[in-house]
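Trainee: I would like to take a close look at a single part of this protein, the aromatic rings and what surrounds them. Could you take me through that part slowly?

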Amino acid sequence: EISECLVGSEMCIETDYTQSIGDKHYYGMSSITEGNGGYYIFDFLCEQKNKSKYEDKFKDWAASVEIK
């Protein structure tokens, strides 16, 4: 799923995904933010079984980033 958001006054794009490595399953969210003449990518990852615990936290953490 890809969504748009605002980080301060800058636009960002978020996407979430799942990934398996061996018998471990992971949930991840990437946030791409433009600022200060460049693009910045932030990745957040947890075990799939903890998705509900961390999904909103990942979005909050991504929204708290300040590019100076």
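Mentor: What follows goes from the overall layout to the ring pairs, then to the core and the surface. Please keep in mind that this is a predicted model, and that the values below are computed from it.

The protein has one helix and four strands, and from the N terminus on these elements run β-β-β-β-α. Of its 68 residues, 25% are buried. Among contacts with a separation of 6 or more, 25% join residues 24 or more positions apart.

Turning to the rings, a search of the whole structure finds five aromatic pairs. One of them brings together phenylalanine 44 and tryptophan 61, with 6.2 Å from centre to centre and 45° between the planes, and this pair is tilted. The pair links distant parts of the chain, since phenylalanine 44 lies in strand S4 (residues 38–47) and tryptophan 61 in helix H1 (residues 51–63), 17 residues apart. The partners also differ in their cover: phenylalanine 44 has a relative accessible area of 14% and is therefore buried, the cut-off being under 20%, whereas tryptophan 61, at 41% relative accessibility, counts as partly exposed.

A second pair is made by tyrosine 54 and phenylalanine 58, whose ring centres are 5.8 Å apart; because their planes meet at 20°, which is under the 30 degrees that sets the limit, this pair is stacked. Here both residues lie in helix H1, four residues apart, or about one turn of the helix. Tyrosine 54 counts as partly exposed at 23% relative accessibility, while phenylalanine 58 is buried, with a relative accessible area of 2%.

These residues belong to a wider arrangement, in which ring pairs link Tyr27, Phe44, Tyr54, Phe58 and Trp61 into a cluster. Seen from tryptophan 61, and leaving aside neighbours within four places in sequence, the contacts are with Phe44 and Tyr54. Phenylalanine 42 is 19 residues from tryptophan 61 in sequence, and the two are 9.6 Å apart in space, C-alpha to C-alpha. Seen from tyrosine 27, and not counting residues up to four places away in sequence, the residues touched include Phe44 and Phe58 of the cluster, together with others, among them Asp16, Tyr17, Leu45, Cys46, Lys51 and Glu55.

The cluster leads on to the core. In soluble globular proteins, nonpolar side chains tend to be buried together. In this model the largest nonpolar core has six residues, namely Tyr27, Met29, Phe44, Cys46, Phe58 and Ala62, and strand S3 (24–35), S4 and H1 each supply at least two residues of this core. Tyr27, Phe44 and Phe58 thus appear in the ring cluster as well as in the core.

For contrast, consider the surface, where Ile13, Ile32, Tyr39 and Ile41 make a nonpolar patch of about 420 Å². One of its members, isoleucine 41, is found in strand S4 and counts as exposed at 58% relative accessibility. Strand S4 therefore carries both the exposed isoleucine 41 and the buried phenylalanine 44. For the protein as a whole, about 4800 Å² is exposed, and carbon and sulfur atoms supply 49% of that area.

How values were computed. Residues numbered from 1 in each chain as written. Predicted model: local features only at pLDDT ≥ 70, side-chain atom pairs only at ≥ 80, totals over all residues. Heavy atoms only, no water. Phe/Tyr/Trp six-rings, centres within 6.5 Å; stacked < 30°, edge-to-face > 60°. Buried < 20%, exposed > 50% of the residue type's maximum accessible area, 1.4 Å probe, protein only. Contact = heavy atoms within 4.5 Å. Core = buried A, V, L, I, M, F, W, Y, C linked by side-chain atoms within 4.5 Å. Patch = residues over 30% accessible without salt bridge, like charges linked within 9 Å, V, L, I, M, F, W, Y side chains within 5 Å. Areas by Shrake-Rupley, 256 points an atom, 1.4 Å probe, with all protein chains shown as cover. Salt bridge = Lys/Arg side-chain N within 4 Å of Asp/Glu carboxyl O.
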